[in-house]
Amino acid sequence: MSWRADLLAVWAVVVRNALMASRNVFFFFELLFWPIVGVISIGLMTRFLGITPAQASFVLIGTIALSVVNVCQLEVAYAVLMDVWSKSIKHQFLAPIGIRHLTVGSWLVGMVRGGTLFTLLAVLAWCAFDFRVLAAGPRGVAVFLFGCFLNAWIVGVFVCALITLFGNRAEAFAWASVNLVLVLAGIYYPVSLLPAPAAALARAIPLTYFLDAYRSHFGFASEFAAPIATGLALSVVYAVVAHLAFYAAVQRARRTGLLLKMSE
Amino acid sequence: MPSPAPTLAIDAREVAKTFRSGWFRPRLTDALRGVTLQVPRGAIVGLLGPNGAGKTTFLSILATLLIPDRGTARVLGLDVVRDSMALRRRLNMASGRPSFLWSLRVSEIIAFYGRLYGLSGVALRVRVDKLIEQYELKPYRRVPYSELSTGLKQRVALAKSLVNDPELLFLDEPTLGLDPDVSVRVRAHIAALRRERGMTIVLTTHYMREAEELCDEVAFIKAGRILDAGTPEALKRRIGLGDVIALRLEPAPPAWLGEAPGVLRCATADGWTKCTVDDAEKRLPDLLRQLFADGVTVRNVRVREPELEEVFVELAR
């Protein structure tokens with residue numbers, strides 16, 4: 001496949017996802033309502049508990065990360081979910097495109113949505129709770145956001161694989177899986193607080209390292225030696241594994257006939 | 001395996017597919033039990049059969065949507081499993097129960113698939129406009145898919161299936177559930193595709209008349225097996241159903257009529273005597289001459305060939 005055809009296929013998915021997102025009120029709630037409610041309620045809770053500004057920033061960073069990863073991951077899952085819902089998935093797999101086009105195209109839209117959400121939540125956190133997200137500097141923010149997006153991509157691709165493997169029954173994974181990852185990655189607490197087996201799992205999650213690196217800009221001691229490098233390395237490994245899993249799931253769906261059952 | 005003859009669009013041999021359902025005690029359904037079919041380039045071939053015969057399964061294997069358990073299938077000279085990606089560029093498919101992303105508009109759906117097939121810029125706009133024009137979708141180009149009627153959805157599916165100008169088109173029940181006037185137009189479009197572009201078309205249908213009208217060759221499929229295949233005329237000849245000569249006679253038909261040369265059987269009902277003969281063109285003049293000689297008045301005569309439906313009933317016995 002030529003580079004041009006590759007880019008066009010990715011662009012096709014970008015345009016489709018963007019059009020679908022712009023016409024669905026459900027997407028509005030995902031993008032704005034729940035994340036804003038989350039930041040406001042968590043921010044108010046930090047005030048009620050009377051914790052230090054540093055501790056409040058620790059928790060708010062987690063809340064923002066949760067929202068950004070969630071929105072971006074859902075967008076990646078929509079690469080398959082929207083076609084499953086509308087029973088049109090066979091047309092997608094009848095066309096000469098690979099799974100990379102689906103996941104990259106959806107991810108690009110997810111990053112735009114995640115970036116928009118991050119900006120909104122950053123402004124909200126600053127205005128309402130005097131928490132300055134940009135205090136980490138442009139590089140720190142960019143690395144943190146990229147880490148969130150990478151994690152969202154990986155989880156989203158795994159969700160696509162599960163849906164292609166099990167059909168509509170796996171839909172709940174689209175909403176549930178990322179929360180499990182976020183709990184383990186220590187969104188509201190240091191991973192050192194987790195029980196030993198859970199802490200071991202946390203060390204296998206790339207987001208753990210990106211959160212750690214970002215929080216270090218706010219005065220929290222880093223728990224890991226080279227968090228960014230470790231997070232990136234783990235992300236590469238998981239991205240490859242997730243895509244292999246998705247590819248295998250599509251091939252299995254072609255063998256079992258699930259691809260047809262999920263269509264028309 | 002020897003390379004297929006270049007004149008063949010499809011060369012499927014002993015294709016078999018079994019579906020498993022259930023986790024603990026899997027139920028096995030043999031959808032295809034060794035289907036062999038050759039389709040020449042530029043032909044319209046119909047797969048006929050009842051529900052659950054395996055028509056859609058076979059079509060889906062040829063379109064690379066399903067992987068066969070056994071057998072080989074080469075489409076446009078490419079293996080449907082090994083060369084699936086290259087093959088997908090050259091074929092397309094539309095079904096009689098189409099479904100697309102509900103909130104996308106007609107033009108957006110066609111453009112989305114156009115991009116997936118490598119179209120962009122002016123070329124994409126021209127192709128989308130042309131297909132919208134061709135399938136009379138202009139008034140609906142900005143209407144979301146979910147708001148279209150069944151007939152319009154079908155037309156969108158047909159337009160989408162031509163977005164890559166395929167060499168081979170699969171149509172799964174293309175007129176299912178359509179109003180008769182729309183069905184006529186869809187059939188005319190299908191015939192025009194072959195006539196104007198030399199496209200190879202494989203369609204599945206329940207409607208024998210549709211197959212008779214459109215197809216150069218038909219294959220009867222039942223319980224995952226091809227019962228017989230060939231041109232409609234050849235099939236009728238091969239099955240030997242004969243032609244039916246219906247006569248309105250006065251007085252009653254003579255006793256010798258059922259035993260006249262070439263007459264296979266005779267029955268009278270509702271004032272019509274229906275004689276099945278081996279060849280109507282050959283036997284009718286003799287029958288009329290003898291009836292006249294016996295003083296029998298022939299008030300009306302109708303001759304008809306057996307229909308594909310009768311051929312299928314005979315084959316399925």
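The C-alpha centres of domain 1 and domain 2 of chain B lie 43 Å apart in this predicted model. The domain assignment places domain 1 of chain B at residues 8-236 and domain 2 of chain B at residues 241-306.

**Chain B overall**

The C-alpha trace of chain B spans about 80 × 50 × 45 Å along its principal axes. Its secondary structure comes to 10 helices and 14 strands. Of the 317 residues in chain B, 42% are buried. Among the contacts in chain B with a separation of 6 or more, 69% are between residues 24 or more positions apart.

As for confidence, the mean pLDDT of chain B is 89, and 97% of its residues reach 70 or more. For the complex, the predictor gives an ipTM of 0.90 and a pTM of 0.86.

**The contact between the chains**

Chain A brings 30 residues to the contact and chain B brings 27 residues. On the side of chain A that touches chain B, at least two residues each come from α1 (3-22), α3, α4 (89-94), α10 (227-256) and α11 (258-261) of chain A. The most come from α1(A), which gives 9 residues. By type, the residues on this side of chain A are 16 nonpolar, 6 polar and 8 charged.

**Nonpolar cores**

The largest nonpolar core has 171 residues, and the members that touch the most others are A:Cys148 and B:Leu62. Helix α3 (residues 53-85) of chain A supplies the largest share of this core, 20 residues. Another core lies apart from it and has 7 residues, including B:Leu247, B:Leu257, B:Cys275 and B:Leu287. In soluble globular proteins, nonpolar side chains tend to be buried together.

Beyond its neighbours within four places in sequence, A:Cys148 is in contact with A:Ala65, A:Val68, A:Val69, A:Cys72, A:Gly114, A:Leu207 and A:Phe210.

**Helix α1 of chain B and strand β6**

Helix α1 (residues 55-62) of chain B is largely enclosed by the rest of the structure, because 8 of its 8 residues are buried. The buried residues of α1(B) are B:Lys55, B:Thr56, B:Thr57, B:Phe58, B:Leu59, B:Ser60, B:Ile61 and B:Leu62. B:Leu62 is also one of the two residues named above for touching the most other members of the largest core. After α1(B) comes B:Thr64, with a positive phi near 70°.

B:Leu91 sits in strand β6 (residues 91-95) of chain B. B:Leu91 counts as buried because 25 other C-beta atoms lie within 10 Å. Leaving out residues up to four places away in sequence, B:Leu91 touches B:Ala63, B:Val75, B:Pro166, B:Glu167, B:Leu168 and B:Phe170. B:Ser103 is 12 residues from B:Leu91 along the chain, and their C-alpha atoms are separated by 26 Å.

**Helix α5 of chain A**

Helix α5 (residues 99-129) of chain A has 31 residues. From its first C-alpha to its last, α5(A) reaches 42 Å, close to the 45 Å expected at 1.5 Å a residue. A:Asp130, just after α5(A), takes a positive phi of about 55°.

**Backbone angles**

The table lists residues with a positive phi.

| Residue | Phi | Place |
|---|---|---|
| A:Asp130 | about 55° | just after α5(A) |
| B:Thr64 | near 70° | following α1(B) |
| B:Glu136 | near 50° | loop between α4 (121-134) and α5 (150-161) of chain B |
| B:Asp270 | near 55° | loop between β12 and β13 (272-277) of chain B |

Neither B:Glu136 nor B:Asp270 is a glycine. Are these two loop residues buried or exposed? B:Glu136 counts as partly exposed because it has 13 C-beta neighbours inside 10 Å. B:Asp270 is exposed, since 6 other C-beta atoms lie within 10 Å.

Chain B also has a cis peptide bond, from B:Glu250 to B:Pro251, with omega near 0°. B:Pro251 belongs to the loop between β11 (243-250) and β12 (263-269) of chain B.

Terms used. Residues are numbered from 1 along each chain as its sequence is written. Chains are lettered from A and ligands numbered from 1 in the order in which they are written. pLDDT is the predictor's confidence in each residue, from 0 to 100. A nonpolar core is a set of buried Ala, Val, Leu, Ile, Met, Phe, Trp, Tyr and Cys residues joined through C-beta atoms within 7 Å. A residue is buried if 20 or more other C-beta atoms lie within 10 Å of its own, exposed if 12 or fewer, and partly exposed in between; C-beta atoms are placed from the backbone. Helices (H or I, at least four residues) and strands (E, at least two) are DSSP runs, numbered from the N terminus. Two residues are in contact if their C-beta atoms, placed from the backbone, lie within 7 Å. Ala, Val, Leu, Ile, Met, Phe, Trp, Tyr, Cys and Pro count as nonpolar, Asp, Glu, Lys and Arg as charged, and the others, Gly among them, as polar. Domain bounds come from an automatic or database domain assignment. The expected span of a helix is 1.5 Å times one less than its number of residues.
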